[in-house]
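Here are some notes to read with the model open beside you. Please take the points in order and find each residue as it comes up.

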Amino acid sequence: MPMVKMTSIRVILSLAASMDLELEQLHVKITFLHGDLKEEIYMEQPKGFEVQGKEDMVCKLKKVLMD
């Protein structure tokens, strides 16, 4: 999954301001991998990381994974 650096966001905002452009929407996905969970959460195996012979099984998350 591609991640955005804060410097990239600053460049886009600086360009928009210096060229007198309007920025209508800036969508950035951020993944948090280190938050603790208070409840049990399960997810499907990510595409490309399926375990052979266990494709129907799910993963139990130990940390927060928000997208």
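The points below go from a helix and its end to a buried side chain and then to a pair of charges.

1. This is a predicted model, in which local features need pLDDT of at least 70 and side-chain atom pairs count only at pLDDT 80 or more, while totals for chains, interfaces and linings use all residues. Residues are numbered from 1 along each chain as its sequence is written, and side-chain values use heavy atoms, with hydrogens and water left out.

2. Begin with α1, which has 13 residues and reaches 18 Å from its first C-alpha to its last, close to the 18 Å expected at 1.5 Å a residue; the expected span is 1.5 Å times one less than the number of residues. Helices (H or I, at least four residues) and strands (E, at least two) are DSSP runs, numbered from the N terminus.

3. Just after α1, Asp20 takes a positive phi of about 55 degrees, although Asp20 is not a glycine. Most residues other than glycine have a negative phi. Asp20 lies in the loop between α1 (6-18) and β1 (42-44), and it counts as exposed because its relative accessibility is 70%; here buried means under 20% relative accessible area, exposed over 50%, and partly exposed in between, with a 1.4 Å probe and protein chains only.

4. Val11, Leu15, Met19 and Leu21 make a nonpolar surface patch of about 400 Å². Patches of this kind join nonpolar side chains (Val, Leu, Ile, Met, Phe, Trp, Tyr) within 5 Å, and like charges within 9 Å, among residues with over 30% relative accessible area and no salt bridge. Of these residues, Leu21 is placed in the loop between α1 and β1 and, at 51% relative accessibility, counts as exposed.

5. Is Gln45, in the loop between β1 and β2 (58-60), buried or exposed? Gln45 counts as buried, because its relative accessibility is 12%. Its side chain reaches the backbone oxygen of Lys54 at 2.6 Å and that of Met57 at 3.1 Å.

6. The side chains of Glu40 and Lys60 meet in a salt bridge at 3.7 Å, N to O, a term that requires a side-chain nitrogen of Lys or Arg within 4 Å of a carboxyl oxygen of Asp or Glu. The pair links distant parts of the chain, with Glu40 in the loop between α1 and β1 and Lys60 in strand β2, 20 residues apart. Glu40 is exposed, with a relative accessible area of 55%, whereas Lys60 is partly exposed at 48%.

How values were computed: Areas by Shrake-Rupley, 256 points an atom, 1.4 Å probe, with all protein chains shown as cover. Polar contact = N/O pair within 3.5 Å; in protein donor to acceptor, adjacent residues only side chain to side chain.
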